Amino acid sequence: MEPSAGSWCGATEVCFRLRDPDHRLTSVRLESGVVHGDLSYREDTRSWELLLPRPPAHRIEYRLALGHPDGSSETGDHSVLCCPGYAEPEWVHLPAAGGQWRDLYLPLPAVHGELAARIWSPATPTDRVLVAHDGPDFHRYGELGHYTAAMIEAGRVPPYHLVLLPAGDRLEWYSANPAYARALAHDVLPALAAELGTDRPVVGAGASLGALAMLHAQRRHPEAFAGLLLHSGSFFRPRHDRQESGFRRYLRIVRFTGRVVRDREGPAVPIAMTCGTVEENLANNREMARALTDQGYAVDFAEVPDAHNWTAWRDALDPHLTALLQKVFN
């Protein structure tokens, strides 16, 4: 069963509705990173419904958990409820600049691993480079490849190479791991520089744990980075994020974030930071943005009306990554 088109989002309330004219279900529960609750069956509309105050978000990604009379349950497909005020970014529909993709094999002895970077290069020669963690997902779901080609074609940003790094052993590599930071700075980036014919520091980009790992690498190897894009970084702090304490690298992360927040100065570069207004990472991102600003980083921190998801990060690329690239690459 699929959610009805009768679900709606207004100025102050949201309503979730599932048609069930024969009342075959025994329960329906809303599952979302933004709002939760049990839907109630209404005989007059022959539907399950839940009315809630509208959260401070323009989009709500959710699923419905369905209960059946035999005691079984199932979870429906992923759905999105868009609220008044939401619009896709204009660049999604812009034409793309010409360029070529290629793969580069990269051994990582520091972490006893390897990865295959995916590189897009524009037709115009350039020594500028943007390197993205979770690269394949950033390209597939965050449309970073189309953003790059469209914004170059529109003349909004200078031409640059886009490098998509797959995550590998993500939970281990991206959790403030010194060995991975060393592999990135001493193995990955020099190999990319040789391949692309540049010795220029790169702009690093990441979301969630990928953002944490990019900041961690910049703190340990500042000479390699000219700027950072950090979406919803997993900057766990004990007073904000005890719910994450079951993560096996939680202590390593909080040790790192604690050191950063306590430092009086740091290897400052321009940074664009974004975080959703309705996600758990908001408090730790606010604290990290203040700390980095106090240490001399040029921080553009934006709270976006969404949650912890790829569409939110895609929608925040412009103007935040755009402004960062204009500042660093010009």
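This briefing walks through some helix contacts, two pockets and two backbone oddities in the structure above. Keep in mind that the model is predicted. Three pairs of helices are described first: α6 with α7, α5 with α6, and α2 with α9. After that come the largest pocket, with about 380 Å³ of space, and the second largest, with about 190 Å³. The tour ends with a cis peptide bond between D318 and P319 and a positive phi at A176.

**Helix α6 and its partners**

- Start with helix α6, which covers residues 250-262, and helix α7, which covers residues 282-294. Their axes lie 8 Å apart, and the two helices pack at an angle of about 45°.
- Angles that are neither roughly parallel, roughly antiparallel nor roughly perpendicular count as oblique, and α6 is therefore oblique to α7.
- If you want to find this contact in the viewer, look for T257, V260 and V261 on α6, together with E287, M288, A291 and L292 on α7.
- Sorted by class, the residues of the α6 and α7 contact are five nonpolar, one polar and one charged.
- Helix α6 also meets helix α5 (residues 209-220): the axes of α5 and α6 come within 12 Å and cross at roughly 55°. That angle makes α5 oblique to α6.
- The crossing of α5 past α6 is left-handed.
- On the α5 side, the contact uses L209, L212, L215, H216 and R219, while α6 supplies I253, F256, T257 and V260.
- The α5 and α6 contact has six nonpolar, two polar and one charged residues.

**Helices α2 and α9**

- Helix α2 spans residues 144-153 and helix α9 spans residues 317-329; their axes come within 12 Å and cross at roughly 60°. These two helices are therefore oblique to each other.
- Here α2 passes α9 in a right-handed crossing.
- The residues in contact are L144, Y147 and M151 from α2, and L317, D318, L321, T322 and L325 from α9.
- By class, the contact of α2 with α9 divides into six nonpolar, one polar and one charged.

**The largest pocket**

- About 380 Å³ of space lies in the largest pocket.
- Its lining is made of 24 residues, and the closest to the pocket's centre are G33, E279, A307, H308 and N309.
- Two strands, β3 (27-32) and β6 (59-67), are the elements that give two or more residues to this lining. The largest share comes from β6, with five residues.
- The lining of the largest pocket splits into eight nonpolar, eight polar and eight charged residues.

**The second largest pocket**

- The second largest pocket holds about 190 Å³ of space.
- It is lined by 13 residues, and those nearest its centre are L189, P190, A193, R200 and A224.
- Helix α4 (residues 178-196) gives the most to this lining, with five residues.
- In the second largest pocket, the lining has nine nonpolar, one polar and three charged residues.

**Two backbone oddities**

- As background, most peptide bonds are trans, and most residues other than glycine have a negative phi.
- The peptide bond from D318 to P319 is cis, with omega near 25°. You will find P319 in helix α9, and D318 is one of the α9 residues that touch α2.
- A176 is not a glycine, yet A176 has a positive phi of about 55°. To locate A176, look in the loop between α3 (170-173) and α4; helix α4 is the one that gives five residues to the lining of the second largest pocket.

Note on methods:
Residues numbered from 1 in each chain as written. Predicted model: local features only at pLDDT ≥ 70, side-chain atom pairs only at ≥ 80, totals over all residues. Heavy atoms only, no water. Axes fitted to C-alpha atoms, helices over the stretch in contact; angles between N-to-C directions. Helix = DSSP H or I, 4+ residues; strand = E, 2+ residues; numbered from the N terminus. Parallel < 35°, antiparallel > 145°, perpendicular 65-115°, else oblique. Contact = heavy atoms within 4.5 Å. Nonpolar A, V, L, I, M, F, W, Y, C, P; charged D, E, K, R; others polar. Left-handed = near helix turned anticlockwise from the far one by under 90°. 1 Å grid on protein atoms, 1.4 Å probe; cavity = no way out; pocket = protein on both sides within 12 Å on 5 of 7 lines; lining within 4 Å. Points joined across faces, edges and corners; volume = space filled by probe spheres on them.
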